[in-house]
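Colleague: I am new to reading protein models, and I would love a close look at one part of this one. Could you take me through it slowly?

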Amino acid sequence: MATPSVLMYADTTRSAELRNEVPHTVHDSFLYIEHEGRKYTVLRSLEVARMSEVPGMTALPLEDFGLDELVASGLSGEDAALEIALRACRSLGVRSAIVPSAFPVRHADHLRAGGIELTVDAEGFTERRRVKSPAQLAGVKRAQTAAEAAVASVGAALHAAEVDADGGLLLDGSPLTCERLKEGVALAFLRNGCGGDDVIVAHGPQTCIGHHSGSGQVRTGEPVTVDLCPRDPETGCYTDITRTFVHGEVSDELRLYYGLVKDSIERVHAAIRPGLPVRELHRISCAPFEEAGQPTRLSKQPGTVLNEGFFHSLGHGVGLEIHEAPHLDQNDDVLVAGDVIAVEPGCYRQGFGGVRLEDLVLVTEDGGELLTDYPYELTPAPVSRGVAV
């Protein structure tokens, strides 16, 4: 059976599907075609030289398909792009193609009206991104270095903090807030060549409220969850890490949660291998909590809302998006060699807080390679890891 042609029309800053095929940052939307084993891009002339550097890519300027004529006829730039897409397909012999879910409706309508058959293949485009390339893995690892440096900056600040008369933390005589800690995170990202806006440094009861980004002064004895996903600008790839710290004395409840979460993540690491159903991996992760009487999605009754214990999924794939396939929950997917997955069990009580740990793992041919190199300890430590924070 012949390989189907592929069409995408997007930019590489917002489309993970297109960035997977084109490793350059291109802010303006352009047409991408795969047909009969060859790859083409149809785009502005100023991008042609750089696009021609992509191995196996034939870059075609818009002028080859009548851009000047179309604009002179009075068409807007957007309408000219529609006609150019149709002309390019006809010129290259594309009569039918698969497209991603986000393929623009106007382009789809115009191409179909011109006789091009289009089929949405969401699953197929997801599968194209599952196995990470060597360049993408290198990008993930660079982002991971930045993430660990940023976690270390939070730990160092908490370690150096003093306690005021009301139990609040002070650093250099001023309140140590989540906002101040996030400033340190941003600086660590910058110093390690990465960026990231989705930063969680939450404390106390905030640590079990979904993706609460965190705010206010941190107090001694309460959990501080640091959940970071910086992005490598060269490849567009992300990483994801979570650690939980406690300044001062750790309560019995937090120690219980920590022990269960650590047990869970260690059991998961030992079980990871290609071909393993993610449903089974999720079951393995839930076992320590179920054994301790903590609720999980396995014991949740249909129609009820679960917001305590281990109430979320085990994790997700990471790559050109922070959350991508495979989703580590009760579904029918299986792990494949080349997956990069974030494993993040947690245990919580509303109004109190909780503990979450998150590692990044590369699924290999015979198991899993841990990409995260940061200790799990609740007690924050001074920076001594040889990373630029």
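Leaving aside its neighbours within four places in sequence, which residues is threonine 235 in contact with?

Modeller: Happy to help! Please keep in mind that this is a predicted model. Once the neighbours within four places in sequence are set aside, threonine 235 is in contact with Arg19, Ala135, Gly139, Arg142 and Leu320.

Let us put that residue in its place. Threonine 235 sits in the loop that runs between strand 11 (223–228) and strand 12 (241–246). Its relative accessibility is 12%, and buried means under 20%, so threonine 235 counts as buried. Its side chain also has polar partners. One is the side chain of aspartate 232, joined to that of threonine 235 by a polar contact of 2.6 Å. Another is a backbone atom: the nitrogen of cysteine 237 lies 3.3 Å from a polar atom of the threonine 235 side chain.

Now look at the two strands that this loop links. Strand 11 and strand 12 pair with each other in the antiparallel sense, over six bridges. As a general point, strands of a sheet pair through backbone hydrogen bonds, either parallel or antiparallel. To find one place where these two meet, look for valine 226, which stands opposite arginine 243 in strand 12. Strand 12 is mostly covered, with six of its six residues buried. Both of its faces are covered: Ile241, Arg243 and Phe245 are buried on one side, and Thr242, Thr244 and Val246 are buried on the other.

It helps to step back to the whole chain for a moment. The protein chain has 389 residues, and buried ones make up 52% of them. Its secondary structure comes to ten helices and 19 strands. The C-alpha atoms fill a box of roughly 75 × 45 × 40 Å along the principal axes. Among contacts with a separation of 6 or more, 62% are between residues 24 or more positions apart.

Next, the empty spaces. In general terms, rolling a probe the size of a water molecule over the atoms shows where empty space is left. A search of the whole structure finds one cavity of 30 Å³ or more, and the largest cavity holds about 30 Å³ of space. Its lining is made up of Ile200, Ala202, Gln206, Thr207, Ile209, Gly210, His212, Thr225 and Arg356. By class, that lining has three nonpolar, five polar and one charged residues.

Arg356 gives us a good way on to the pockets. The second largest pocket is lined by 18 residues, and Arg356 is one of those nearest its centre, together with His211, His312, Ser313 and Glu344. The volume of this second largest pocket is about 280 Å³. Strand 13 (315–317) and strand 14 (324–328) each supply at least two residues of its lining. By class, the lining of the second largest pocket has five nonpolar, nine polar and four charged residues.

The largest pocket holds about 640 Å³ of space. It has 30 lining residues, and Tyr9, Ala10, Asp28, Ser29 and Phe30 lie nearest its centre. The elements that give two or more residues to this lining are strand 1 (6–10), strand 2 (30–35), strand 3 (38–43), helix 4 (77–92) and helix 5 (105–113). Helix 4 gives the most to the lining, with six residues. By class, the lining of the largest pocket has 18 nonpolar, four polar and eight charged residues.

For another example of strand pairing, find the open sheet of three strands in the order 7-8-9, where the pairing is antiparallel. Strand 7 (162–163) and strand 9 (174–175) stand at its edges with a single partner strand each, so one side of each has no neighbour in the sheet. Strand 8 (residues 169–171) is joined to strand 9 by two bridges, and leucine 170 stands opposite proline 175 in strand 9.

Finally, here is a loop residue to set beside threonine 235. Aspartate 366 is in the loop between strand 18 (359–364) and strand 19 (367–370). With 72% relative accessibility, aspartate 366 counts as exposed, whereas threonine 235, at 12%, counts as buried. The side chain of aspartate 366 has a polar contact of 3.1 Å with the side chain of threonine 364. Aspartate 366 and isoleucine 272 are 94 residues apart along the chain, and their C-alpha atoms are separated by 8.9 Å.

Terms used:
Residues are numbered from 1 along each chain as its sequence is written. This is a predicted model: local features need pLDDT of at least 70, side-chain atom pairs count only at pLDDT 80 or more; totals for chains, interfaces and linings use all residues. Side-chain values use heavy atoms; hydrogens and water are left out. On a 1 Å grid over the protein atoms alone, a cavity is a set of points where a 1.4 Å probe fits but cannot get out, and a pocket is an open set with protein on both sides within 12 Å along at least five of seven lines; lining residues have an atom within 4 Å of a point. Grid points are joined across faces, edges and corners, and a volume is the space filled by probe spheres set on the points. Ala, Val, Leu, Ile, Met, Phe, Trp, Tyr, Cys and Pro count as nonpolar, Asp, Glu, Lys and Arg as charged, and the others, Gly among them, as polar. Helices (H or I, at least four residues) and strands (E, at least two) are DSSP runs, numbered from the N terminus. Buried means under 20% relative accessible area, exposed over 50%, partly exposed in between (1.4 Å probe, protein chains only). A polar contact is a pair of N or O atoms within 3.5 Å; within protein, one must be able to donate a hydrogen and the other to accept it, and residues adjacent in sequence count only if both atoms are side-chain atoms. Contact means heavy atoms within 4.5 Å. Two strands pair if DSSP finds at least two bridges between them.
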